[in-house]
Structure formats: C-alpha cells, structure tokens
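Here are some notes to go with your first look at this one. Have it open on screen and take the points in order.

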Amino acid sequence: MNPRFYFATCQVGAEKAVKSEVLAEFPHVRFAFSRPGFITFKEEDDRQPLIKHTQGIFTRLWGTNIGQAKDEASLVKLMAEIPEGSVVHAFERDTFVPGDDPEAFQPNARINALVQKLKAEHPAFQKFQWNAKPKDKTFVYDLIWIDDFHVQLGKHVHADYIDPAPGNQPVIALPANSPSRAYLKIEEAIHRFKPEIRPGMQVLEVGCSPGGASTAMLSRGMKVTGVDPKRMHESVYKNPNFTSIQRMAKDVSEADLNSVNPEWIVMDMNIAPLEAIDELAHVIRCLKKNLGRSLSLRLGLLTIKLNDWKFAESIPLYMKRLEEIGFHNMVAIHLGSNRQEYFVYADFA
Ligand SMILES: C[S@@+](CC[C@H](N)C(=O)[O-])C[C@H]1O[C@@H](n2cnc3c(N)ncnc32)[C@H](O)[C@@H]1O
C-alpha cells in the first residue's frame, strides 16, 4: 500500500496549532507541506486505517490528498479520477485573517473562474455536482486553490458537524448596521449549532461592546442584557429589548442582575482566558444567588481569546474550568469568523 497524504485547512495563523493537534492525535503521521491556511501530512505507517475525521479544534476541514496540479493540463488529468456525478467542492485556502481582507477581495474568485473555464472546455466536468450539499457519510471531492497556479485535489467524508458549504466555510454576510464583526461569530454559531430561539428569550452577554453580537440577537427578537465597561453603539441603546450594565464582569452585583433570568450566556471579553472564565464564573454565581433553582440558563456561547497562539496548548485547562462552572456537552471549534481565539458551544446545568 502507498502511504497516504492528508490535508488540513485552517485559518491563517492557526497552522502551528493544527500541526500540534494533528500530530498529538495521530502519532503515525508527519508534517509534509504548509502554506498559510493549508497543511499536508504524510502517513509514516501505512497499516493504519484511513483517518476520516479529527477531534481537532483548529482543523477546519480534514481529508485525504489525491494529488496536485501546477498547470491546467495536469489538473484535467487528475480530475479524470473523480467518478461522474460526484459532489465536488471548489474553494481557496485562506489568505487573510478574517476581517483583514482588503475591501476589493473576492473569496474564491480565482477557483470559481477556473471551474467555469474547465466546465466550458470539458463536458465531463459538467456532470459533477459542483458545490452541492453532500449526503452524510459520502465522499466530497475538494478542489483547493493553493497559489497561482497550484491546485490540490483531495476528498473528505461528509458528516453532520461539517457545514455543507465548500471548505466547511458557510458564507454569512455582515449587515451594514452591525457595529462589529462579532455579529458574524454569533450568527455562524447559530447557523452551525441550530439552538432553539424564541422571540422574547433572555440572553446575558458579557463583553458586549460595541454591539455586533447584540445586534444579531436583538434582530432575532431576543432580549439582551449586556455587561461591558465600554459604551455600546447608539443603535443598540435605541432597541427597547437591550439593557446595559456598564461595568466589568467582575464588578457586577446580584442587584445589577435582579431582573435577569437568561437562557443563554454569551461571552466575548478581550482579556486572558482564565481571567475571562473567572469573571464569567462570578456572573453565574450572582445569577444563581438571585434565582437558585429557577435559573433558566441552559446554553453558553463563549469566545475564548488566545492573546498568544501558545495559549492553544492550555485549552484542556480552560475546558476543565468551564466544566467546573457547570458547562457540559462542550463543543470547541475555531469558527470561520473567529480570529486568534476559539469558540465553545456548551449546555449548562
Ligand atoms: C471583542 S470585544 C466584544 C465584541 C462584542 N461582543 C460585540 O459583539 O461587538 C471585547 C469586549 O470585552 C470587553 N471587556 C474586557 N474586559 C472586560 C471585563 N472584565 N468585563 C466585561 N467586559 C470586558 C471590552 O470592553 C470589549 O468591549
């Protein structure tokens, strides 16, 4: 058997974290090649079963490499291996940290142009299901633009926790009225995890200024109480469903939370992870003192800032602390809209 090559996609800057998590989970693979947002690994021991999925947080998409092409003719030859009717996802490796892309940047413009050309010139390519929604447990072929001209062909097994959009990267638009990009994080989490949302449902948001996430939740009819020493964007204050507690989370008192019984707690503070978790614990303690068994809290949507990428090594410690506070069934993920941080979606009891 030939040793397999695998690929992992991730955000620009997360490559080292991906290497560490992959090598820790699969000691029989070795790092092979890397570009920002794209890494390959080679199997050292080819008697091991196919790795279909990883437990990794920073690995956005994991699959088997089929081959690479550095000109169009070799790409056409490579793609002849794809069975007719297959789902083929075409996407580009990340080239910018989310939010740092220039205004004129069009994600996937180069690969989309290439696909149009290939379809026009090769009728066989019209028979693929381009960028279609895959069925669970079926193969998806991934045509990944690495550089001009360097295209990688791979395949992965679709699963329900992978978004059906190419590259496991759902496209969510940032509305003009959002005061910040944090809107995208909450919308992406809602899109991926599909929590129940009812109009009038209460949310407590810790670290809410200038108000992107609040704007997303308010526009879904939720009632948001926001904690932050900084002011919100004026548009948020105008919404009657928003209440402000303008202080640091650690200074919030039981009296401040008197009329708050949230079903969700959302956290996004730009302070060190353990400090943020301690301040979150303080807020939850206040809620518990006020409400006892009547506390409705059942979900946490938590952004943990990694002020330094090396903090990624301490994620097990952060998860343990969150568990001690009462979070469980925790899913840790690097959202496409996250930057140097990660996101935890967790039940609360
Ligand atoms: C990334 S921003 C939050 C973005 C916000 N969620 C939004 O949707 O626009 C981080 C925020 O954490 C706040 N913050 C920092 N330390 C805090 C603390 N100890 N308690 C509450 N908020 C804090 C900052 O003032 C800042 O507004």
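1. Start with two helices, α7 and α8, which are roughly parallel to each other. This is a predicted model, and in it α7 (residues 273–291) packs with α8 (residues 315–325) at an angle of about 5 degrees. Their axes are 10 Å apart; since angles under 35 degrees count as roughly parallel, the label fits.

2. Which residues make that contact? From α7 come Pro273, Leu274, Ile277, Asp278, Leu280, Ala281, Ile284 and Lys288. On the α8 side they meet Leu317, Tyr318, Arg321, Leu322 and Ile325. Sorted by type, the residues of this α7 and α8 contact are 10 nonpolar and 3 charged, with no polar ones.

3. Next, have a look at helix α5 (residues 212–219). Is it enclosed or open? It is largely enclosed by the rest of the structure, because 7 of its 8 residues are buried. The buried ones in α5 are Gly212, Ala213, Ser214, Thr215, Ala216, Met217 and Leu218. What do they pack against? The list has two helices' worth of names and some strands: α4 (182–193) and α6 (234–237), plus β9 (202–206), β10 (223–227), β11 (242–245) and β12 (264–268).

4. Both sides of α5 have a backbone detail to check. In the loop between β9 and α5 you'll find Pro210, and the peptide bond leading into Pro210 from Ser209 is cis, with omega near 5 degrees. Just after α5, Gly221 has a positive phi of about 85 degrees.

5. There's another cis peptide bond to look at, and no proline is involved: it joins Asp148 and Phe149, with omega about 0 degrees. Phe149 lies in the loop between β7 (139–147) and β8 (150–157).

6. Two asparagines also deserve a click. Asn168, in the loop between β8 and α4, has a positive phi of about 55 degrees even though it isn't a glycine. Asn329 does something similar, with phi near 50 degrees, but this residue lies in strand β14 (residues 327–333). Are they buried or exposed? Asn168 is buried, at 8% relative accessible area, while Asn329 is exposed, at 54%.

7. Now the aromatics: the structure holds 13 aromatic pairs. One of them is Phe96 with Phe105, edge-to-face, 5.0 Å centre to centre and with 75 degrees between the planes. Phe96 is partly exposed at 31% relative accessible area, and Phe105 is partly exposed too, at 25%. Another pair is Tyr237 with Phe242, also edge-to-face, at 6.2 Å and 75 degrees. Here Tyr237 counts as partly exposed at 25% relative accessibility, whereas Phe242 counts as buried at 9%. Elsewhere, Tyr6, Phe26, Phe41 and Trp62 form one aromatic cluster.

8. A couple of lysines sit over rings. Lys19 lies over the face of Phe31, 4.1 Å from the ring centre. The charged end of Lys155 is over the ring of Phe139, at 4.2 Å from its centre.

9. Last stop: Asn65, in strand β4 (residues 61–69). Asn65 counts as buried, because its relative accessibility is 13% and the cut-off for buried is under 20%. What does Asn65 touch, beyond its neighbours within four places in sequence? Its contacts are Phe5, Tyr6, Phe7, Thr40, Gln152, Leu153 and Gly154. Tyr6 should ring a bell, as a member of the aromatic cluster with Phe26, Phe41 and Trp62.

Technical notes:
Residues are numbered from 1 along each chain as its sequence is written. This is a predicted model: local features need pLDDT of at least 70, side-chain atom pairs count only at pLDDT 80 or more; totals for chains, interfaces and linings use all residues. Side-chain values use heavy atoms; hydrogens and water are left out. Axes are lines fitted to C-alpha atoms, for helices over the stretch in contact, and angles run from 0 to 180 degrees between N-to-C directions. Helices (H or I, at least four residues) and strands (E, at least two) are DSSP runs, numbered from the N terminus. Angles under 35 degrees count as roughly parallel, over 145 as roughly antiparallel, 65 to 115 as roughly perpendicular and the rest as oblique. Contact means heavy atoms within 4.5 Å. Ala, Val, Leu, Ile, Met, Phe, Trp, Tyr, Cys and Pro count as nonpolar, Asp, Glu, Lys and Arg as charged, and the others, Gly among them, as polar. Rings of Phe, Tyr and Trp (its six-membered ring) pair if their centres lie within 6.5 Å; planes under 30 degrees apart count as stacked, over 60 as edge-to-face and the rest as tilted. Buried means under 20% relative accessible area, exposed over 50%, partly exposed in between (1.4 Å probe, protein chains only). A charge sits over a ring if NZ of Lys or CZ of Arg is within 6 Å of the ring centre and within 35 degrees of the ring normal.
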